[in-house]
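Biologist: Could you walk me through this model, starting with a single serine and working up to the sheet and the cores?

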Amino acid sequence: MTFGWLEATGVSHAPLAPECLAERDAIAARLLEKYGSRSVLDIPGVAEARAMFHRLGVDPTKTRPSSEALLRRVLQAKPLPEIDPVVDACNLASLEHQFPLGLYDREFVQGAVFARVGREGEGYDGIRKARVNLSGRPLLADDAGAFGAPTSDSARTQVTERTTQLLLVVFGPSERGGEQLSGMLARTAELLTRWCGADISLVRTIQ
């Protein structure tokens, strides 16, 4: 697995401008027209994300990569979820590039961040979920413990309307090259800047 890392400050949660909503809807319509008659596994990025989940010990037919879940909504002609302008901007990049990601309030991430395998019995309270089991699974942790994973993020570092400092981590399948991951980060940075007035402070890839 490779990682994409993006940090931003000054993010705004003001309602998205009409032109942003129009762009979102146009992208969804274009994807539906292009892929609506194809198997989801034939769409670039989907099979690679599923393979990554298999390697992580997660059945992707039961717990789908977030990027695939967004794509499935589009292919069913369902509207994209409207959660928060910041989350919605990042979700659009995830939909377009088919990379699952995690979003975190940087203010509540304590100290250094590192990736490791979950310890026996380790877990956390998930966002809109009961306890998330992380035993034996890859996760992100800080000085206070686990806070993120490719499947579900923790309530402790959840992005809310009070979030002004953002940390975004892209979980990249090893089958996809660094150029594709960099493209995903660039698109996310562009959308956050244009839609949410963010100042991008750090962008990097981690092999």
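Biologist: Happy to start small. Is S152 buried or exposed?

Modeller: Keep in mind that this is a predicted model. The relative accessibility of S152 is 10%, and the cut-off for buried is under 20%. S152 therefore counts as buried.

Biologist: Where is S152 found, and which residues beyond its sequence neighbours is it in contact with?

Modeller: S152 lies in the loop between strand 7 (145–148) and strand 8 (165–172). Leaving aside neighbours within four places in sequence, its contacts are Y124, K129 and V132.

Biologist: Now the sheet, please. Which strands stand at the edges?

Modeller: The open sheet has 4 strands in the order 2-8-1-9, paired antiparallel. A strand at the edge has a single partner, so one side of it is left without a neighbour in the sheet. That description fits strand 2 (101–105) and strand 9 (199–206).

Biologist: How many bridges join strand 1 to strand 8?

Modeller: Strand 1 covers residues 2–9 and runs antiparallel to strand 8. One of the pairings links T9 with Q165 in strand 8. The number of bridges joining strand 1 to strand 8 is 8.

Biologist: And the nonpolar interior: which element gives the most to the largest core?

Modeller: Nonpolar side chains tend to be buried together in soluble globular proteins. Here the largest nonpolar core has 40 residues, and V170 and W195 are among those with the most contacts inside it. Strand 1, strand 2 and strand 8 are among the elements supplying at least two residues each. The top contributor, with 8 residues, is helix 5.

Definitions and conventions:
Residues numbered from 1 in each chain as written. Predicted model: local features only at pLDDT ≥ 70, side-chain atom pairs only at ≥ 80, totals over all residues. Heavy atoms only, no water. Buried < 20%, exposed > 50% of the residue type's maximum accessible area, 1.4 Å probe, protein only. Contact = heavy atoms within 4.5 Å. Pairing = 2+ DSSP bridges. Core = buried A, V, L, I, M, F, W, Y, C linked by side-chain atoms within 4.5 Å.
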